[in-house]
There are 2 protein chains.
Amino acid sequence: MTELYFDFLCPYAWRGVELAAVLRAQGEGFRLRFFSLVEGNHPDNAGGLTWRITDQPLDAEGGSGYLSYQRPTLNAFLAALAAYEQGEDAAWKFTLALYRAHHEEKRPLDEAAFADAAQQAGLDLSAWQAARKDEAGLRAKLRAELDSAAEVGVFGTPTFVLPDGSAAYYRFENLTRDPAEAGVWWQLFKDVLHSEAGIGTIKRAKKRPPVKRGG
Amino acid sequence: MTELYFDFLCPYAWRGVELAAVLRAQGEGFRLRFFSLVEGNHPDNAGGLTWRITDQPLDAEGGSGYLSYQRPTLNAFLAALAAYEQGEDAAWKFTLALYRAHHEEKRPLDEAAFADAAQQAGLDLSAWQAARKDEAGLRAKLRAELDSAAEVGVFGTPTFVLPDGSAAYYRFENLTRDPAEAGVWWQLFKDVLHSEAGIGTIKRAKKRPPVKRGG
């Protein structure tokens with residue numbers, strides 16, 4: 001089972017989740033895991049995790065810049081964890097629906113988007129709302145997710161952890177829902193991680209970003 | 001012709017130059033280019049290149065930490081540029097000899113190492129010493145190299161710029177001098193840069209470095 005760390009904020013993670021969903025439909029095992037960019041990049045955490053998003057009030061704004069995403073991050077993760085209680089397929093459907101609302105339809109990560117995602121995912125809506133009421137339990141689960149991410153050394157999303165423990169950030173510009181193409185992109189990532197070269201990083205020079213396809 | 005930006009300080013760039021040398025022996029075109037980690041990471045250059053290593057005296061120590069490598073960087077690059085005047089093959093031989101002295105034999109980048117590298121490369125030693133006397137001319141050439149690196153957006157070494165303009169940092173842990181293996185490692189890098197996914201970065205999570213082979 002490959003673990004996939006994502007943050008709803010991140011368009012690269014969205015493409016990673018779409019890729020994994022295509023591969024999952026073909027029988028490859030993926031498990032959704034959470035990483036928070038707001039927590040991971042928080043200035044108070046430069047020397048280790050001391051500022052935890054799970055300790056913050058649901059309505060706290062967080063600050064300026066990327067810190068302003070604190071509230072949507074925390075609320076989206078808790079809504080997702082409540083959805084995940086309805087099983088693996090429900091989890092994927094909810095996650096994809098909320099990602100598409102945010103990154104394809106450009107909707108904010110707010111209560112209306114969560115409710116629409118729950119509906120599109122075919123959740124038992126009253127069970128989902130009931131699960132959301134156990135805020136303390138959901139916060140504890142989220143905290144455990146973010147602790148796991150720190151353990152792995154996740155610094156950005158999407159980060160994939162292969163069954164053999166190899167873990168890497170995989171950032172790509174294009175979206176695919178084509179099974180053959182998804183298979184090629186995934187194999188290339190695994191080839192890099194398993195190369196005898198012991199590859200640590202392949203990263204484009206800054207002034208020449210990779211080509212983004214039209215559409 | 002692929003351009004290969006390197007810094008004598010960097011063990012990853014050393015392995016990149018060794019890889020390119022193996023491929024070059026099989027007919028693949030590579031051109032050696034300079035990038036300075038001391039200049040690129042200098043605190044005065046956070047907003048653009050204002051502090052230039054080519055403006056510094058040859059004997060200036062530079063400072064603490066990585067800045068203490070300013071003097072060996074500048075001297076090694078100028079010695080190499082003088083060697084490069086004796087042709088492409090001489091350039092590769094000098095570069096490999098100096099890299100191996102520094103990273104394999106753990107010798108400092110000093111005058112004795114430059115002289116030994118010149119001898120091992122089979123240079124015309126008196127012509128090399130004569131070329132070194134044109135310090136202003138060599139500094140101007142070095143400045144042009146470092147300007148080119150900035151143009152490409154080089155931020156670390158080795159960075160390869162493919163003939164189509166794709167440019168990326170390629171960091172790997174292991175050394176190969178095996179033609180078949182070198183071919184595989186190089187093809188994988190090109191596959192990543194040319195993937196339809198539009199890959200920007202593949203980077204290991206911090207706590208699980210790639211496996212380094214013994215020996």
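Two strands are said to pair if DSSP finds at least two bridges between them, and helices (H or I, at least four residues) and strands (E, at least two) are themselves DSSP runs, numbered from the N terminus. With that in place, I can begin where the two chains meet: E5(A) and strand E5 of chain B, residues 199–204, pair in the antiparallel sense over three bridges. Within this pairing, A:Lys203 stands opposite B:Thr201 in E5(B).

Before going further, a word on provenance. This is a predicted model, in which local features need pLDDT of at least 70 and side-chain atom pairs count only at pLDDT 80 or more, while totals for chains, interfaces and linings use all residues. Residues are numbered from 1 along each chain as its sequence is written, chains are lettered from A and ligands numbered from 1 in the order in which they are written, and side-chain values use heavy atoms, with hydrogens and water left out.

Now to the interface as a whole. Taking contact to mean heavy atoms within 4.5 Å, 40 residues of chain A are in contact with 40 residues of chain B. The buried area, that is, the accessible area (1.4 Å probe) that two parts lose on being put together, summed over both, comes to about 3,800 Å² between chain A and chain B, and carbon and sulfur atoms give 57% of that. On the side of chain A that touches chain B, H7, strand E4 (167–172), helix H8 (179–194) and strand E5 (199–204) each supply at least two residues, and H8(A) gives the most, with seven residues. By class, that side of chain A has 20 nonpolar, eight polar and twelve charged residues, where Ala, Val, Leu, Ile, Met, Phe, Trp, Tyr, Cys and Pro count as nonpolar, Asp, Glu, Lys and Arg as charged, and the others, Gly among them, as polar.

How many salt bridges does the rule find across the interface of chain A and chain B? The rule asks for a side-chain nitrogen of Lys or Arg within 4 Å of a carboxyl oxygen of Asp or Glu, and it finds zero across this interface. For polar contacts (a pair of N or O atoms within 3.5 Å; within protein, one must be able to donate a hydrogen and the other to accept it, and residues adjacent in sequence count only if both atoms are side-chain atoms), there are 25 residue pairs across the interface, both residues at pLDDT 80 or more.

Let me turn to backbone geometry. The peptide bond from A:Thr157 to A:Pro158 is cis, with omega near 0°, and A:Pro158 is found in the loop between helix H7 (135–152) and strand E3 (159–161) of chain A. In chain B, a cis peptide bond likewise joins B:Thr157 and B:Pro158, with omega about 0°.

A:Lys106, in the loop between helix H4 (88–104) and helix H5 (111–120) of chain A, has a positive phi near 60° although it is not a glycine. B:Lys106 also has a positive phi, of about 60°. Buried means under 20% relative accessible area, exposed over 50%, and partly exposed in between (1.4 Å probe, protein chains only); A:Lys106 counts as exposed because its relative accessibility is 65%, and B:Lys106 is exposed at 66%.

Finally, A:Ser36 is buried, with a relative accessible area of 1%, in the loop between strand E2 (30–34) and helix H2 (37–40) of chain A. The side chain of A:Ser36 reaches the backbone nitrogen of A:Val38 at 3.3 Å, and a polar atom of that side chain lies 3.0 Å from the backbone nitrogen of A:Glu39.
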